[in-house]
Amino acid sequence: MLAALQIEQRYPRGWRQRIREQLRPRGEVCSRLVSTPGGHYLQVTAATGRGGRVDWREVRRVVGGEASRLLYPHRLSPPTDSGVSRFSGNALRRALMRETACHLLRIAPALARCPVVICDPQARHLPLAEALVPLAGELRVLTARPDRYRPAVEAALQRHGAALPLTDDLSCMADAALVLAPDGIDGDPPLPRGWVLSGVEQARPRTITGYLPADYAAYTPTLPPGCDSWEYLAGLYELSGVTTLGEKPPLALCAGSRHLTPDALAGQLTGLDSGRAV
């Protein structure tokens, strides 16, 4: 379950409180369960004690196995020996990447005549190919592990009568309308004619890395104060099992400072089939 940490700074007033704080070297740690649409998260509040100290040992005890993937405000920097670290996960980003690709292929029939490439060097994302085979007219997989993709190749042929070519040639991306890169793209391969949908945060030309979940507004009232909204949603998806966040096409996409809707992107990609530049 996602655990969110807040630090409560204590400022004693009066001599009695100051004495009490001097006798308490570290502040107490308390927790409560917060309900969200479709799930819960653990809200942990650690009060400071003498000298602003936090009882990090108690924090670790309260959050248990989530100590290495906590959600907390970016202004907070736990000591290196605290035993806690920030949550960082890409499962929601990859789910929305997949939903975006499927949505584009459904609403832009012209894309069926354009190459779509899955960049999966270590063959970690076979379900992505299985989801796209029925929708893409020309799907290719760029991988260094073709042996792991044999079951997907056979399933594509048996279930859909479709070929699923495998290659390790980076040049296959050059004429693609869409490149899906669940683990990002290493090196400096050719840019596609269209766009890259990335499953990780990566600054590259014509690469979409941001996806706004369709139901994000329903979760804003329970956003822990000071925490990053994307990390919060990603944590709910990955750690609290709120899978509905990744089951609909996103409302908006982000490529660096550029923002666009999936429908606008579909219009651009449709232009590739007619020879217009993106």
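Me: Before we get to the cavity lining, which residues count as nonpolar, charged or polar?
Reply: Ala, Val, Leu, Ile, Met, Phe, Trp, Tyr, Cys and Pro go down as nonpolar, while Asp, Glu, Lys and Arg are charged. The others, Gly among them, are polar.

Me: And how does the lining of the largest cavity divide up?
Reply: Keep in mind that this is a predicted model. The cavity has a volume of about 50 Å³, and its lining includes Met-173, Ile-185, Leu-191 and Val-196, along with Arg-204 and Thr-207. Sorted by type, the lining residues come to eight nonpolar, one polar and one charged.

Me: How many cavities of 30 Å³ or more are there?
Reply: A probe the size of a water molecule, rolled over the atoms, shows where empty space is left. With 30 Å³ as the cut-off, the count is one.

Me: Is Tyr-149 buried or exposed?
Reply: Tyr-149 sits in the loop between β5 (138–142) and α5 (150–160). Beyond its close sequence neighbours, Tyr-149 touches Ile-118, Asp-120, Ala-123, His-125, Leu-126, Ala-129, Val-141, Thr-143 and Leu-166. Its relative accessibility is 0%, and the cut-off is under 20%, so Tyr-149 counts as buried.

Me: What separates the C-alpha atoms of Tyr-149 and Tyr-232?
Reply: Along the chain, Tyr-149 and Tyr-232 are 83 residues apart. In space, their C-alpha atoms are separated by 34 Å.

Me: How many of the 17 residues of α3 are buried?
Reply: Helix α3 covers residues 91–107 and reaches 25 Å from first C-alpha to last, close to the expected 24 Å. Among its buried residues are Leu-92, Arg-93, Glu-99 and His-103. The helix is mostly covered, and the buried count is twelve.

How values were computed: Residues numbered from 1 in each chain as written. Predicted model: local features only at pLDDT ≥ 70, side-chain atom pairs only at ≥ 80, totals over all residues. Heavy atoms only, no water. 1 Å grid on protein atoms, 1.4 Å probe; cavity = no way out; pocket = protein on both sides within 12 Å on 5 of 7 lines; lining within 4 Å. Points joined across faces, edges and corners; volume = space filled by probe spheres on them. Helix = DSSP H or I, 4+ residues; strand = E, 2+ residues; numbered from the N terminus. Expected span 1.5 Å × (residues − 1). Buried < 20%, exposed > 50% of the residue type's maximum accessible area, 1.4 Å probe, protein only. Contact = heavy atoms within 4.5 Å. Lists of a residue's contacts leave out its neighbours within four places in sequence.
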